[in-house]
Structures are given as structure tokens and as C-alpha cells.
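Trainee: I have a new model open and would like to learn how to read it. Could you take me through it one feature at a time?

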Amino acid sequence: MNEGVSFFAVEFKTPFGIIRGKVQVSEGPMRLVDLVSTALEFTDILVKRAIDKEEKEGRKIYCGPGCGVCCNQMVPLSPPEAIWISELVDHLEKSGWKELSQKFDRIAEKLEQLGMVGELLDPDFSDDVALEIAKKYFQLSIPCPFLVDNSCRIYPYRPVACREYNVTSPPEFCRDPYSNQVNKVPMPLPLSAPLARLTAKLTGTKPRLIPLVLTRKWYFDNKELVYRKWEGTELLRGFLKELGGVNEDN
Ligand code: SF4
């Protein structure tokens with residue numbers, strides 16, 4: 001046993017079989033954002049299994065690092081991912097990516113002028129309304145700030161929703177996913193949902209998702225939550241419980 005570190009033996013059932021593994025967590029206070037790397041790891045495992053199944057059944061997957069056809073759709077993030085993306089912007093600017101935060105600011109300004117910020121950040125909207133808002137947003141043709149030369153510049157760090165978006169229909173169909181029949185690879189356990197549910201439980205609010213382009217605005221409006229800390233083992237246990245199943249193993 002390592003001092004100051006706990007291991008959780010994780011086991012949860014999915015339609016693609018049981019996933020087992022060990023997750024390491026440092027004992028001591030942790031922020032919500034510290035759960036994101038674990039969520040991305042699980043997402044990649046699930047996506048790989050989902051894609052393997054499609055390919056075994058003879059369907060080709062068209063998505064990959066060089067394709068950004070779908071990247072002007074609304075990308076919904078859980079609060080921990082919104083923190084992750086916002087802090088990634090700071091990190092990328094320190095590493096030399098100029099004017100990235102200005103791109104986010106310009107999009108937020110445009111949405112403000114159109115009177116859409118309130119509805120896009122409304123924590124109370126239902127799934128029905130969410131689809132209408134997503135369609136309305138899509139009509140604006142706003143490319144993701146991370147899209148450069150039609151390619152994702154943060155591909156290894158992209159959020160859960162982008163990892164889970166894989167299609168077996170021709171990529172050009174994604175130019176207008178609301179008019180064309182886009183065949184998405186089904187993902188039975190979208191990982192943003194347990195992160196959003198856990199945040200809601202910890203803060204006594206409803207589960208909510210935040211559009212990627214408004215993460216910077218949301219981040220600066222929610223500094224208390226961004227920097228709030230919980231006992232690490234409790235936080236991870238809560239997340240794994242939301243996923244459905246955990247055994248502790250120190
Ligand atoms: S983060 Fe990357 S994959 Fe996701 S919408 Fe933006 S450019 Fe596309």
C-alpha cells in the first residue's frame with residue numbers, strides 16, 4: 001500500500017461487457033476537475049469497445065483526428081469538464097497559442113448580442129428544449145475555438161462528448177446533422193452524465209451541462225465551485241458510484 005494514496009478496484013457492467021480496473025487517488029483535498037482524467041480514460045475504453053463492435057459487424061467508422069466536420073455543433077460539457085477546458089485554454093495560451101481566450105470571448109459576445117446566453121446556460125432546461133436550443137445554435141455556424149484547418153488542435157484532450165461522437169454514415173452528412181441521417185455509434189454510458197449528477201449532488205442543484213463555447217464565461221461566474229475541494233477518496237467514490245459499482249481496495 002502506498003502512503004497517502006488509495007486504490008479503487010472498479011468494476012461496472014456495460015453492454016460491451018464488464019470493465020474492470022484500478023483507479024489511484026491521492027488522499028487529501030481534490031477539486032471536481034481532478035476527476036476528468038479518470039472519466040476520459042473510461043470514455044476511451046468504452047468508445048473502443050463500441051467501435052470494435054461496429055467494425056466487427058462490418059460498419060466503417062469515419063471519425064478521426066483530421067476530421068472536423070461536426071465541430072460547429074453545440075458540445076455539452078459537465079461542470080468538471082468545463083473547468084478542465086477553461087484551464088486548458090490558460091495553459092495553451094501560456095504555451096504560445098495566441099488569442100485563444102479572445103476567440104471564446106468573441107463567441108460569448110456574439111451569443112450575448114443574440115440574446116442566447118441565458119438559454120444556453122439555463123440550468124433548468126429539459127431535454128426537449130435542449131434539442132431545440134442545439135438546433136438554433138447550429139444555425140449560427142460557429143466553429144469550435146479549438147478547430148484549426150478543419151482539425152481539432154486539442155485532440156488528446158478533447159472532452160467526453162467529442163470522444164463519444166463517432167459515425168458510420170458519410171462524414172459530409174455531419175455538415176447538417178439535423179437534415180441528414182447521421183448514424184452515430186451508440187454509447188450506452190455517456191460519461192458526462194455521472195460527472196454532472198455528482199456535481200449536482202455535491203452542490204444541491206440539478207444536473208446540468210454547459211456548452212463548450214461558454215465554458216470561459218461559466219468558469220469566471222462560478223469561481224467558488226471551480227476552486228472548491230472535497231476529500232479526494234470521497235469525491236472519486238461518489239463519481240464511481242454514479243457510474244454504478246465500486247469496491248475499495250487500499
Ligand atoms: S474540442 Fe475538438 S473535437 Fe471537440 S468540437 Fe472542438 S475541435 Fe471538435
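## Reading the model together

Mentor: Let's start with E99: it counts as exposed because 11 C-beta neighbours lie inside 10 Å. Keep in mind that this is a predicted model.

Trainee: Where does E99 sit?

Mentor: E99 is placed in the loop between α2 and α3.

Trainee: What is the sign of phi at E99?

Mentor: The general idea is that most residues other than glycine have a negative phi. E99 has a positive phi of about 60°, although it is not a glycine. N150 is another case to look at, with a positive phi near 60° in a residue other than glycine. You will find N150 in the loop between β5 (147-148) and β6 (151-152).

Trainee: Is N150 buried or exposed?

Mentor: N150 is exposed, because 11 other C-beta atoms lie within 10 Å. For burial, the cut-offs are 20 or more for buried and 12 or fewer for exposed, with partly exposed in between.

Trainee: How do those cut-offs work out in helix α3?

Mentor: Try two of its residues, R106 in helix α3 (residues 100-113) and E109, also found in helix α3. R106 counts as partly exposed because it has 14 C-beta neighbours inside 10 Å, while E109, with 12, counts as exposed.

Trainee: What can I learn from distances between residues far along the chain?

Mentor: Sequence separation and spatial separation are two things to read side by side. E109 and W218 are 109 residues apart along the chain, and their C-alpha atoms are separated by 13 Å. R106 and I45 are 61 residues apart along the chain, with 35 Å between their C-alpha atoms. For the chain as a whole, take the contacts with a separation of 6 or more: residues 24 or more positions apart account for 75% of them.

Trainee: How should I check the length of a helix, say α2?

Mentor: Compare the expected span with the distance between the ends. Helix α2 (residues 79-94) has 16 residues, so at 1.5 Å a residue it should span 22 Å, and its end C-alpha atoms are 23 Å apart, which agrees.

Trainee: Which residues of α2 are buried?

Mentor: They are P79, P80, E81, A82, I83, W84, I85, S86, L88 and V89. After α2 comes G96, whose phi is positive, near 115°.

Trainee: And how do I read a pair of strands?

Mentor: Look at direction, bridges and the connection. Strands β1 (residues 5-14) and β2 (residues 17-26) run antiparallel and are joined by ten bridges. They form a hairpin with two residues between them. To follow one bridge, start at V10 and go to its partner in β2, G21. In a regular strand, side chains alternate between the two faces of the sheet.

Trainee: What about the overall fold?

Mentor: Begin with the element count: the protein chain has ten helices and nine strands. Its radius of gyration is 18 Å, close to the 18 Å from the globule rule for 250 residues, so the chain is as compact as a globular protein of that length. The C-alpha trace spans about 50 × 45 × 40 Å along its principal axes. Of the 250 residues, 30% are buried.

Trainee: Which residues are around the ligand?

Mentor: They are G68, C71, V75, C144, F146, L147, C152, I154, R158 and C162. Grouping such a shell by class is a handy next step, and here it has eight nonpolar, one polar and one charged residues.

Notes:
Residues are numbered from 1 along each chain as its sequence is written. This is a predicted model: local features need pLDDT of at least 70, side-chain atom pairs count only at pLDDT 80 or more; totals for chains, interfaces and linings use all residues. A residue is near a molecule or strand if its C-beta atom, placed from the backbone, lies within 6 Å of it. Ala, Val, Leu, Ile, Met, Phe, Trp, Tyr, Cys and Pro count as nonpolar, Asp, Glu, Lys and Arg as charged, and the others, Gly among them, as polar. Helices (H or I, at least four residues) and strands (E, at least two) are DSSP runs, numbered from the N terminus. The radius of gyration is taken over C-alpha atoms; the globule rule is 2.2 Å times the number of residues to the power 0.38. Two residues are in contact if their C-beta atoms, placed from the backbone, lie within 7 Å. The expected span of a helix is 1.5 Å times one less than its number of residues. Two strands pair if DSSP finds at least two bridges between them.
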